[in-house]
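Work through the exercises below with the coordinates open beside you, and try each task before reading its solution.

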Amino acid sequence: MDNNLFRRPKKVEEIDNKYGFLGFTQNPFPNEPAVKPYSADSRVNGSIFLEKIREEEIKDFKDHIVNAPNKIGLLMDYAAYKGRGIGKTAFLNHMKNSINIDLGNAISNSDSVLYAVYVSPSADKKNRTLSDVAHSIFTSMHKEGLFLTVFCRLRALSGLLDDIIDDNINESNYEDTIANDDWLKEQGVDVHKVNSFVMNELVNAGITNDASSLFGGNYQSFKASLEDNKNEFFWKKQGSEYLFNNIEKLLKAAMFTNCIILLDEAEKMIQYQNSNERRALCDNLRYYFIDGSCSNAVDGFFKIVLTIHPNSQELLMPHWAAAGLDRFCSLGGDTSSENSIFFKPMSSDVLMINELAEIYLKESRINKKDNSINPFTQEAINYAMEKSDRIPGRFLRMLYLMIEKAVQNHWETIDKDKVVVAWQESNKNYSLTSNAVDDTPLPETKIEL
Amino acid sequence: MSNNKQAWPTPKLYGVGHFIEFNLYREALMIAKSKGYINKALLISEIPQRVKGLLLIDSISETVYADLIRELVHYGFIKREAKNDLYRIVDEGLCYLELCYNNEDEARDMLLNKMQNVFITPAWFVNRLWELNSTGQGQIVIPLPLKNWHPKLRKWSDNSWTDELGAVSKETIRLVKKKIAGSFPYDEDEWVKDISAEYHRLGSQSPRINNPEIPDDAVNYSQRNRLSLAMKTIAVKKFFSRYNPINGEMDFPNKRSDMTHRSFMVWCPRLENFNLICYTDNNPEVPGRLLYPISSFKFDCSSQDFLLKEFISDVNNRKLYVHNPKWNSVKDIFISTLLEVYQSYYNKQTIIYISLQDIRDEVCRLLRISPFLFEKFLNNTYEMSVRHEINYSISLETDIRLDMKVQINRRGVYLNGIMYSLIAIKPL
């Protein structure tokens, strides 16, 4: 079986678990302290999240974004320039997931039906305008399966399926049940009636013109009419209009109250924009979200949360003010707390720090009942937190390294001294950037003159 | 040295012209030869177009032309006509001009001889370096504030000396003293006292601004810049005034104005061009200007590695010998030093391509060779690596890393006429 055509990679479980002696199935901490929202690995996809750390921010999110009339909100980084890894992306993804799991039932106290989309622009040139962002939002919606939910909600809202929808039907089986014409027929539903109801809503939203199409109301054609194969030119020309007018109408027809756009790393866009593009972004934000003629501005359906760095705040400020946006959402100053979520470094509460470590440790423990911080000692955890400047991303990375070292050296426990040594080693290479001045003498001149 | 009762001869000229490019002498003499005369007006109209391509001359002020003519007169290259403001070239000048085209080394020697006679500075400067740090072979540092100190701007009127400034001044020289033993023979308390006085003096002048309508108290200043200027001024004054801080005597008992920081900045490159000293402002570990002699005064020297400059001697009549080793005698130590320095910089920066200028400066310091020799030896080493005579591959590149932008005015490293700025060395 050594033929190259047959050779396959070993499955992870088949490789000897070198973390076993510490009581883990794997290294509990992410080796790359960055959030990859679509990864299957729970350590990096943001699903391990300690709400307690961000209680204040979550409250702000509820009060200033979800349950407030604000259409534009800001997430600002209090740690300012201190470094990455404070957990903004993890926070946004966590909020997105907690909204989407029950369509905002809990977070809005059952008042509204909500949906959240997470977008993160790249630094490419193609991510410089609002219509580019609109395209990214639309792509994310597809990826998240929003349109299947919309379709099923439309069918359900037709009032013809009331008898057959029960608790057994949920997101995971939509495609085989509600969205499946044959299944509906088996249940004795008049599929044609349902379809024409859905079709009607599509026409009202302006997604399609042809109300009489025979199969217009089934899921395949619904999907096709929303297929994300529109070209760049379409998005440049009509992207914003399409999303904030047509799609908005469709989502409204499916009885969503609001859709919250979580725009991460807005500075990546803003920093590379020229002055005209910045101005256009601000003007467009105002047009499409506040007082333009599209239906989103009228209904206030979409809300957008921009993650802003202090630096891009300065860049954006003059344009923001020129577009008159500061009256609706101020970028700084006294009223900014009304629409901003301020992101702070972690507190020094020992219990909280332990819990953050525990939640990761527990996820990979063989014995799931173990709630301790073993193999770490309390001093080790505290020291690691202190040396990571209270930034969770750096903290987790450090614990990752410590576990790796423990495996290499067969340490049963990891105490402060070991962390001290490791920290010094990992920082040796960065002496140019750290504040400590290297004062070892230069080598002596080799030649006697 | 303390029993030395003899003093240096009195200079014929005190103020040095604020230019460092020796080509200016040659060009001025060329004009004098072809036009029959020179004067300031003619030089102003002729010189700029002739030296356009030279990087080191960005702008030449009118005073420089006056200084240039004055120096040429003192060197005996030109003579002023009795009645008018015209200078004509004389035999000595013609001789120098001819050497410039036929034998650069001799031309340089001739110029050094003239400069020595007129200013006395070249020999005195080298000797002073040796006196200041006799154990460290003349290595001296004119410090600048620690590199990682970036204070806030302050109002011009706020001229107070803060604890922070004092701490930075102290920390800076402690670091310098640790980095190179003996490179800063200055008492710590005295230093802080002198610096604070100079800092005050600089702040009590009115700010130099173009718009007179801006009131003085609306002007901000950079604490770092002011402290830097104070440090340079004070250190140069201490180390290079006629009062010898080591033996407490006057090197020039008669009159001779002290060397200002500005003159110091002219003399460093001039003496480097003569291969008497080397200096660098960019040592990654030492804040400030590190300078050291690559020549020394000896009664006698039989080594082939030294070049005798017979026309230069110190007050004890010792002759000046310039370190000028032959490739064969330094080959091994040169290659091993190059590798060591590269490796130690690589270990600190963990970047494969290291600034060649940084490497050059450090190798020159360790081996006490001139940048010219470094280029020659590097070229030899490079060729050896191409022929696989050493087990290393050397790669030289011309590029500017982002963090090196500021170094564009620094002397480049040229191999066969091409400037290189980065080097990577890997074992084969």
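The exercises that follow concern a predicted model, and each task is followed by a worked solution.

**Exercise 1. Describe the overall make-up of chain A and its contact with chain B.**

Begin with the secondary structure, where chain A has 16 helices and 5 strands. Next consider burial: of the 449 residues of chain A, 38% count as buried. Then turn to the contacts in chain A with a separation of 6 or more, of which 72% are accounted for by residues 24 or more positions apart. Finally, the contact between the chains draws 14 residues from chain A and 20 residues from chain B; on the side of chain A that touches chain B, 7 residues are nonpolar, 4 are polar and 3 are charged.

**Exercise 2. Determine how strand β3 of chain A is covered, and with which strands it pairs.**

Start with the burial count: in β3(A), which spans residues 258-263, 6 of its 6 residues are buried. In a regular strand the side chains alternate between the two faces of the sheet. Sorting the residues of β3(A) by side then places A:N258, A:I260 and A:L262 on one face and A:C259, A:I261 and A:L263 on the other, and both faces are covered.

Now look for the partners. Strand β2 of chain A (residues 114-119) runs parallel to β3(A) and is joined to it by 6 bridges, while strand β4 of chain A (residues 302-308) is also parallel to β3(A) and is joined to it by 5 bridges. A:L263 can be used to fix the register, since A:L263 is the bridge partner of A:V119 and also stands opposite A:L306 in β4(A).

**Exercise 3. Characterise the packing of helices α6 and α8 of chain A.**

First take the geometry: the axes of α6(A) (residues 191-205) and α8(A) (residues 232-253) come within 8 Å and cross at roughly 145°, and the crossing is right-handed. Then list the residues that make the contact, which are A:E201, A:N204 and A:A205 from α6(A) and A:N246, A:K249, A:L250 and A:A253 from α8(A). Sorted by class, this contact has 3 nonpolar, 2 polar and 2 charged residues.

**Exercise 4. Find the unusual backbone conformations in chain A, and decide whether each residue with a positive phi is buried or exposed.**

The background is that most residues other than glycine have a negative phi, and most peptide bonds are trans. Against this, A:L103 has a positive phi of about 50°, and A:S110 has a positive phi of about 65°. A:L103 is found in the loop between α2 and β2 of chain A, and A:S110 likewise has its place in the loop between α2 and β2. To settle burial, count neighbours: A:L103 counts as buried because 20 C-beta neighbours lie inside 10 Å, whereas A:S110 is exposed, with 10 other C-beta atoms within 10 Å. As for the peptide bonds, the one that joins A:N374 and A:P375 is cis, with omega about 5°, and A:P375 lies in the loop between α13 and α14 of chain A.

**Exercise 5. Work out the strand order of the sheet formed by β3, β6 and β7 of chain B, and say what packs on it.**

The 3 strands form an open, antiparallel sheet in the order β3-β7-β6. From this order, β3 (140-143) and β6 (277-280) of chain B stand at the edges, each with a single partner strand, so one side of each has no neighbour in the sheet. The twist from one strand to the next averages 20°. Between β6(B) and β7(B) (residues 288-293) there are 4 bridges in the antiparallel sense, and B:T280 stands opposite B:L290. Helix α6 of chain B (residues 121-132) packs on this sheet, touching β3, β6 and β7 of chain B, and its direction makes about 105° with that of β7(B).

**Exercise 6. Analyse helix α11 of chain B and its surroundings.**

Follow the helix along residues 327-349, where a kink of about 30° is centred on B:I333. The buried residues of α11(B) are B:F334, B:T337, B:L338, B:V341 and B:Y342, and what covers them includes β11, α12, α13 and β15 of chain B. Just after the helix, B:T350 takes a positive phi of about 50°.

Two of the covering elements pair with each other: β11(B) and β15(B) run antiparallel and are joined by 2 bridges, with B:S355 bridged to B:L422. Strand β12 of chain B (residues 392-397) also pairs with β15(B) in the antiparallel sense, over 6 bridges, and there B:S395 has B:A424 as its bridge partner.

How values were computed: Residues are numbered from 1 along each chain as its sequence is written. Chains are lettered from A and ligands numbered from 1 in the order in which they are written. This is a predicted model: local features need pLDDT of at least 70, side-chain atom pairs count only at pLDDT 80 or more; totals for chains, interfaces and linings use all residues. Two residues are in contact if their C-beta atoms, placed from the backbone, lie within 7 Å. Ala, Val, Leu, Ile, Met, Phe, Trp, Tyr, Cys and Pro count as nonpolar, Asp, Glu, Lys and Arg as charged, and the others, Gly among them, as polar. Two strands pair if DSSP finds at least two bridges between them. Axes are lines fitted to C-alpha atoms, for helices over the stretch in contact, and angles run from 0 to 180 degrees between N-to-C directions. The bend at a residue is the angle between axes fitted to the seven residues ending there and the seven starting there. A residue is buried if 20 or more other C-beta atoms lie within 10 Å of its own, exposed if 12 or fewer, and partly exposed in between; C-beta atoms are placed from the backbone. A crossing is left-handed if the near helix is turned anticlockwise from the far one by less than a right angle, and right-handed if clockwise.
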